[in-house]
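Student: I am new to this structure and would like to go through it slowly, one question at a time. Could we begin by looking at it together?

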Amino acid sequence: MSAKIIKINGPVVIADNAENLKMNEMVKVGKNKLVGEVIGLDRGKATIQVYEETSGLKIYEEVEGTGRLLSVILGPGMIGNIYDGIQRPLSELERVGGAFIPRGVEASPLPKDTKWKVKLLKEIGDEVREGEVYAEVQERGIVHKLMVPIGVSGKIAKKSDKEEFTIDDVLYVLEDGTKLGMYQIWPVRIPRPSKKKLPPKIPLITGQRVLDTFFPISKGGTAAIPGGFGTGKTILQHQLAKWADADIIVYIGCGERGNEMTEVLTEFPDLMDPKTGKPLMDRTILIANTSNMPVSAREASIYTGITIAEYFRDMGYSVAIMADSTSRWAEALRELSGRLEEIPAEEGYPAYLSSRIAAFYERAGRVQTLSGEEGSVTVIGAVSPPGGDFSEPVTTHTKRYVKCFWALDKSLAYARHYPAINWNTSYSGYVEDLKIWYSETVDKNWYEYRRRAMELLAEDGKLQEIIKIMGEDVLPDMQKLVVGIARIIKVGLLQQNAYSEVDSFCPLDKQFKMLKIVVDFYDRARKFVEMNAALSEVLKGSVVSKLMRMKEDYKTAKDLEELEKEIEKHFEELEKVYKE
Amino acid sequence: MAVVEYTGVSSLRGPLLVVEGVKGASYDELVEIESSGKTRVGKVIMLEEGRAVVQVFEGTADLDLPGTKVRFLGKPLEMGLSPDMLGRVFDGLGRPRDGLGDMIAKEKRDINGSPINPVSRVYPRNFIQTGISAIDGMMTLIRGQKLPIFSGDGLPHNELAVQISRQATIKEGEFLVVFAAIGLRNTDAEYILNSFEETGAMKNIVAFLNLASDPVVERIATPRAALTTAEYFAFDLGYHVLVIMSDMTNYCEALREISNYRGEIPSRKGYPGYMYSDLATIYERAGIIKGREGSVTQLPILTMPNNDITHPIPDLTGYITEGQIVLSRDLHMRGIYPPINVLSSLSRLMKDGIGKGYTREDHPHLSGQLFASYSRVQDVRALASIIGEEELTDIDKAYLKFGEDFERRFLSQGRDENRNIEETLDLAWDILRDLPEEEITRVSKEEIEKYMKKR
C-alpha cells in the first residue's frame with residue numbers, strides 16, 4: 001500500500017502508511033507529483049517538506065517514493081546554466097510553463113541531446129579506483145573530468161568505441177558489470193570526500209583593494225559579508241563573482257530579488273574574465289531561488305550549490321561559491337521548523353541553526369582530491385541581519401565559523417563610500433597564512449606596508465572621535481597629517497567604483513604600488529611637518545587630488561611611476577624652500 | 001465537480017473556522033460560508049483527515065456553530081478581470097463597491113499569482129520621470145522596479161504618492177495606475193481618490209479599497225487582487241502599470257493577527273516567521289517579462305511604527321524591494337516638502353537606468369557627488385552644534401551653505417511643481433557652486449567644465 005497524505009500545512013505535508021520511505025528520500029507528492037523530501041519518520045507517518053507550492057493538494061492523495069536521497073546530477077552541461085533550488089534548469093521550466101514557474105515539472109538538469117566530444121583515458125584491463133578520472137570533456141571554458149563514482153572500483157571490461165556521447169551513454173563497463181557513464185549522482189546533504197585537507201596558503205584574488213590588500217581571503221577559505229539592506233552586499237557579491245580568480249564560480253541567489261538574478265544573467269555573458277579573456281558565463285553556474293519561489297527549495301539551494309562546487313573541486317579546480325543570502329536560508333529553516341512545531345531557540349530559530357551553519361561552512365577548504373590533485377572550495381556568504389544588528393543569531397553563529405568578516409557599514413553606504421566595508425570592525429584570519437605568498441609574489445614588504453596603512457587608519461579612528469567634538473583645527477599638525485593621509489587611504493584606496501571601467505578590477509601589483517605610494521608619501525611628509533613646514537604646502541591640493549584619483553588616472557602599476565616622479569618633484573621643491 | 005455542503009462547524013476563533021467531516025477538500029481552496037442568508041468567502045489554510053481550517057475574509061462575527069453552512073468550491077480564490085475595470089472602484093476582494101453594478105469578466109485568475117521565472121524577466125532599465133528632483137536626481141524610479149516609501153504617521157506620503165502618479169511620465173506606451181488601499185482611514189482614501197478625480201486621472205485608475213473599518217482578513221487579499229489586475233493590464237493588455245499600495249503596515253498587522261489566531265510560533269515582535277516570504281510574494285510581482293509589452297512598477301507605502309527603520313516591517317521590505325524612499329519627520333517639521341531623507345534612501349536599479357542614452361551623461365557622477373557632499377553636511381552640522389558656527393573652517397562653512405541650498409532649493413518643491421530631468425540636474429550643478437572646486441571629487445573635470453561653468 002502506498003503512502004497517503006493525511007495533513008497539509010503550507011509546505012509541510014504528513015503522510016500515513018509511509019513504512020517504505022526512508023529518511024531524506026526524495027518523494028513525489030500528490031497527483032501533480034510535486035517534488036518533496038522526507039524530513040521525519042514516526043511510527044509509519046512521514047513528515048515531508050514539499051519544494052513546490054502546495055495549493056490544490058488534497059487529503060488521501062498519494063506520496064510516491066523515488067528510492068534515492070535528495071540529490072544532484074553531476075556531469076557536463078552545468079556550466080553557464082541557471083537552476084532553481086533543486087537543480088531544475090529554469091530555461092527548461094520556461095519552455096514548459098512560460099514566464100511563470102509551473103508546478104510538478106520534471107526537467108533534466110543536464111541537456112539530453114547535446115553531443116559531447118569525449119576523450120577516453122582508460123583502456124580495457126586498466127584498474128580504476130573511486131575518484132579517478134577516466135575521461136575528459138571540453139565544456140565551455142574548462143576541461144570537465146569524468147570521475148569514477150565514490151564506492152566504485154574494479155577492472156575495465158568494456159570500452160565504447162565512439163568519440164561523441166550524449167549524457168545517457170555508457171563509456172566503460174567494469175568487470176562486475178558497473179557502468180561508467182557521463183554523469184554521477186550525489187546526495188546534496190552529504191559532503192563529497194577528499195584525500196586530505198591542505199593549509200590555506202594561496203589567496204583568492206578579487207581585484208578589490210579593500211579585500212586583497214587589507215582583508216584577504218585564501219583559496220578554500222570562508223568569509224561572511226554581513227550588512228543591512230542597502231549597504232551593497234549584492235554588488236560586492238557580484239564583483240566577487242566577476243573578478244575572483246577562481247576556475248569555477250557557483251552563485252546562489254537564495255531568497256533574493258528576481259531582477260538581480262536577471263541582471264547577472266544579462267550582464268555575465270558580455271563580461272570577460274580578466275585572466276582567460278573568455279566570457280564570465282563560461283565559468284559560472286547560477287542557482288536562483290528568488291524570495292517568492294517556494295521556501296523549502298530555498299533551504300535546499302545552499303546544499304545544491306555547495307555539492308556542485310565540491311564536484312568541480314574534485315576535478316582539481318579552485319571553486320568559489322557565493323551565497324546571497326545565508327540569512328534567507330536560515331529563515332527558511334525557521335519557517336519550516338515553525339511548521340514542524342519544533343521548540344524554538346533564539347528569535348524563533350531552531351536550536352540546530354548553529355550546527356547547520358557550521359556544517360555548511362565546513363564544506364569549504366583546500367584539499368588533495370582522491371585523484372591526487374589540488375582543488376579548493378571558497379565559501380563567501382552574505383548575511384542580512386535584521387535592522388543591521390550584528391548581534392542577531394545568524395550573524396553571531398556565522399562569525400564563529402568563518403575566518404573573514406567583511407562588515408558592511410550603513411553610514412559608509414549612506415555617504416556612498418563603496419565597497420562599504422568598515423575597516424575598523426572587519427577582519428581576516430588569513431593574513432598570517434598568506435604572508436609568505438604575498439611577500440614572494442607581490443613584494444617582500446607587502447606585510448609591513450599593509451600593517452602601516454592599518455595603523456594609520458586605526459589612529460585616524462581615534463582622532464575622528466576628537467574631531468567630532470572639537471573640530472579638526474584643535475589638532476597639532478602631525479595629527480592633522482595622519483587625518484589627511486587616512487583620508488587619502490579611504491578615498492583613494494578603499495573606495496572602488498564597481499562600475500568604473502578602469503577600477504572595477506585592480507591588479508595586485510597596482511594595488512601594492514598604490515599602497516606604497518601613500519605610505520611613502522606619509523613618511524616623507526612627516527619629516528617636513530617635523531621641520532614645521534606648513535601643512536597646506538606639504539599636503540598641496542593638486543598633489544592630494546592626484547593621489548585620490550590615481551586609481552582612475554593611472555591604469556597600471558607601471559603608469560604609476562609617473563606619479564611617483566611627480567611626488568618626488570613636489571618634495572624636492574619643498575626641500576628647496578625649507579633648506580633656506 | 002459537485003459542490004458539497006457541510007454543516008459540521010466545530011470551532012470559531014477570530015477569523016478562523018474549523019469544519020469536521022470534510023472529504024475531498026484541497027489546500028488553499030476557496031470556501032463559501034453561509035449563515036442567516038448571508039454569504040462570506042474564505043480559504044482553506046490547513047487540512048487534516050476529515051478536518052479543515054478555514055480563514056474567513058469577512059470575519060466570523062455573527063456566525064454560530066450549528067447554523068453555519070460551508071461549501072468547498074474546488075478552486076482557489078479567483079477574481080474576474082476585464083478591460084472595463086478602468087475607472088472602477090472595488091473592494092479588497094475585487095468585487096465592485098462603487099455601485100455601478102457588476103462587471104462581466106473576460107478572464108478569471110487566481111489572485112495568488114505565480115512566481116515569474118528569473119529567466120523570463122527583462123532587466124529593468126527605463127527611467128520614469130516623476131518630476132520630483134530628489135527622486136529623479138538621486139533615487140531614480142525605473143520601470144518594473146519596486147520602490148517603497150518608508151514614512152511615518154502624519155507625514156505627507158499620500159500627497160507624494162499622488163504627485164508621483166500624476167506627474168509620472170514615460171517615453172512611450174499607455175500608462176495606468178492601480179491603487180490599493182489597505183486598512184486606510186476613510187479620509188486618506190477619499191483624499192487620494194478625489195485628487196485623481198480632480199485632475200481627470202480617474203479614467204486611468206483601478207482602485208481597490210479596504211478601509212480601516214473593513215474586515216481585517218480581507219487585507220490579506222487586497223494587494224493580491226490589485227496585483228492580479230496590474231499583471232492582467234500589463235502582461236495581457238500591454239499597459240505600463242504603476243501600483244500604489246498604502247499602507248503595507250496594515251497588511252503586516254493583519255498577517256500577525258491571523259498568525260496569532262492560528263497559534264503559530266511568533267518570530268520578531270510577534271510577526272510570523274514567514275513574513276519575509278509572504279511579503280516577497282507581493283513585492284516580487286513587479287517587473288517586465290520577455291516578449292510582453294507592459295510592465296508592473298510598484299510604489300508601496302508603509303508607515304514605520306515609531307519611525308523605526310529597523311522595525312521588522314520596513315526591515316523585511318527593504319530586503320526585498322529595490323531600494324526605498326525614506327521620509328523624514330525632521331525635514332517635515334522644518335516645512336520642507338517632499339521631506340525625503342536622501343541619505344537613507346536608495347534606488348538599486350538606478351545605476352543602469354541613468355546616464356548617457358537614458359537621462360544625461362553627467363547624472364551618475366553628479367548624484368554620487370550630491371550624496372557625498374550632503375553626507376559631509378551632516379558631520380559639519382553636528383560639529384557646528386557643539387563648537388558654534390563661527391568656529392568652523394571656511395570649507396565647513398561652505399558645506400553649511402550647500403546643505404541649506406540643497407534642502408531649500410533642490411529638495412523643496414511645490415506640490416504641483418513638475419521639474420523635468422534637465423531642470424533637476426542643472427539645479428544640482430547650481431547648488432554645487434557653493435563648494436570650492438577641490439571638494440568636488442566625484443565628477444570629472446570635463447563635466448565641471450561643461451555643466452558647472454557654463455553659466
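Tutor: Let us fix some words before we start: buried means under 20% relative accessible area, exposed means over 50%, and partly exposed lies in between (1.4 Å probe, protein chains only). This is a predicted model, in which local features need pLDDT of at least 70 and side-chain atom pairs count only at pLDDT 80 or more, while totals for chains, interfaces and linings use all residues. Residues are numbered from 1 along each chain as its sequence is written, chains are lettered from A and ligands numbered from 1 in the order in which they are written, and side-chain values use heavy atoms, with hydrogens and water left out.

Student: Is Glu390(B) buried or exposed?

Tutor: Glu390(B) sits in the loop between α10 (363-387) and α11 (394-411) of chain B, where helices are DSSP runs (H or I, at least four residues) and strands are runs of E (at least two), numbered from the N terminus. Because its relative accessibility is 65%, Glu390(B) counts as exposed.

Student: Where does Gly270(B) lie, and which class of exposure does Gly270(B) have?

Tutor: Gly270(B) belongs to the loop between α5 (248-261) and α6 (275-283) of chain B. Its C-alpha atom is separated by 6.8 Å from that of Arg256(B), 14 residues apart along the chain. With a relative accessible area of 29%, Gly270(B) is partly exposed.

Student: How many residues of strand β19 of chain A are buried?

Tutor: Strand β19 covers residues 222-226 of chain A, and on one side Thr222(A), Ala224(A) and Pro226(A) are buried, as are Ala223(A) and Ile225(A) on the other. Both faces of β19(A) are therefore covered, and the count of buried residues is 5 of 5.

Student: Which residue of β24(A) is the bridge partner of Thr222(A)?

Tutor: Two strands pair if DSSP finds at least two bridges between them. β19(A) pairs in the parallel sense with strand β24 (residues 374-383) of chain A over 5 bridges, and 2 bridges also join β19(A) to strand β25 (residues 404-405), again running parallel. In β24(A), the partner of Thr222(A) is Val379(A).

Student: In the open sheet of 4 strands in chain A, which are the edge strands?

Tutor: The order of this antiparallel sheet is β10-β13-β15-β16. β10(A) is joined to strand β13 (residues 154-159) by 2 bridges, and Glu127(A) stands opposite Lys155(A) in β13(A). The edge strands, each pairing on one side only, are β10 (127-128) and β16 (179-181) of chain A.
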